[in-house]
Amino acid sequence: MAVFLLSAPGETRAESPIFSARDGIALGGYDVVAFFEQQRAIAGDQDHALMWKGVVWHFVSAQNQSRFEANPRAYAPVFGGYCAYAMSQGYLAPGDPQLWLVEEGQLYLLNNSSVHRVWQQERGDLLVQAQGHWPAVLRD
């Protein structure tokens, strides 16, 4: 497996990871670009991987990896891949790549089907609350 490092000018390697990752792999190995391009959750391949923001990101193809490399912030999940609903309540819970929404060009992960429904119904208010907690909740 070849892993390429992606960093922006002025970004330090000592920066704390802000992305939820099991075993150092973002989104459980799912290809973040696929949510936008294929509109579904697709497991990535370790042959197409890079490190960004302290975690390894997997992709299904070199093309998806290149898209991410060109603009990682366009594809990275909001709230570091943590559950958007939990963030709105002021705590961290892992996001589930099988429970996701792309809204207004942003990827949101949720933790379970109950909060997925609540998020869809009350997105506006919950989003404002979640933004109020992010990223301070990482330091709590």
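**Close-up 1. The two sides of helix α2 in this predicted model.** Let's start with the side where residues stick out: Q63 and A70 are exposed there. Now turn to the other side of α2, which covers residues 62–70, and you'll find the buried ones: N64, Q65 and F68. Why do these buried residues count as lining one face of the helix? Looking down the axis of α2, they fall within an arc of 100°, so they line one face.

**Close-up 2. A salt bridge between R67 and E37.** A search through the whole structure turns up two salt bridges, and here's one of them. R67 pairs with E37, and their closest N and O atoms sit 3.4 Å apart. R67 belongs to helix α2, while E37 belongs to helix α1 (residues 32–37), so the pair ties together parts that are 30 residues apart in sequence. Are these two partners buried or exposed? Something in between: R67 is partly exposed, with a relative accessible area of 27%, and E37 is partly exposed too, at 33%.

**Close-up 3. A salt bridge between R123 and E103.** In this pair, the closest N and O atoms are 2.2 Å apart. The two residues come from distant parts of the chain: R123 is in helix α5 and E103 is in strand β6 (residues 96–103), with 20 residues separating them in sequence. Buried or exposed this time? R123 counts as buried because its relative accessible area is 17%, and the cut-off for buried is under 20%. E103 is buried as well, with a relative accessible area of 18%.

**Close-up 4. The neighbours of R123.** Stay with R123 for a moment and look at its home, helix α5, which runs over residues 113–133. Which residues does R123 touch, if you skip those up to four places away in sequence? The contacts are E103, E104, Y108 and V118. You've already met E103 as the salt-bridge partner of R123.

**Close-up 5. The second largest pocket and its lining.** About 170 Å³ of space lies in this pocket. Its lining includes I18, F19, W52, K53, R73 and A76. Also among the lining residues are P77, V78, F79, G80, Q106 and W134. What sort of residues are they, by class? Eight are nonpolar, two are polar and two are charged.

**Close-up 6. K53, a pocket-lining residue with a positive phi.** K53 isn't a glycine, yet its phi is positive, at about 60°. You'll find K53 in the loop between strands β4 (45–52) and β5 (55–59). K53 counts as buried, since its relative accessibility is 14%. This residue also helps line the second largest pocket.

**Close-up 7. L27, with a positive phi of its own.** Here's another residue other than glycine with a positive phi, this one near 55°. Where is L27? Look in the loop between β3 (25–26) and α1. L27 is buried, with a relative accessible area of 7%.

**Close-up 8. A cis peptide bond from W134 to P135.** Check the omega angle of this bond: it's near -5°, and the bond is cis. P135 is in the segment after α5. W134, on the other end of the bond, is one of the residues lining the second largest pocket.

Terms used. Residues numbered from 1 in each chain as written. Predicted model: local features only at pLDDT ≥ 70, side-chain atom pairs only at ≥ 80, totals over all residues. Heavy atoms only, no water. Buried < 20%, exposed > 50% of the residue type's maximum accessible area, 1.4 Å probe, protein only. Helix = DSSP H or I, 4+ residues; strand = E, 2+ residues; numbered from the N terminus. Arc of directions from axis to C-beta. Contact = heavy atoms within 4.5 Å. Salt bridge = Lys/Arg side-chain N within 4 Å of Asp/Glu carboxyl O. 1 Å grid on protein atoms, 1.4 Å probe; cavity = no way out; pocket = protein on both sides within 12 Å on 5 of 7 lines; lining within 4 Å. Points joined across faces, edges and corners; volume = space filled by probe spheres on them. Nonpolar A, V, L, I, M, F, W, Y, C, P; charged D, E, K, R; others polar.
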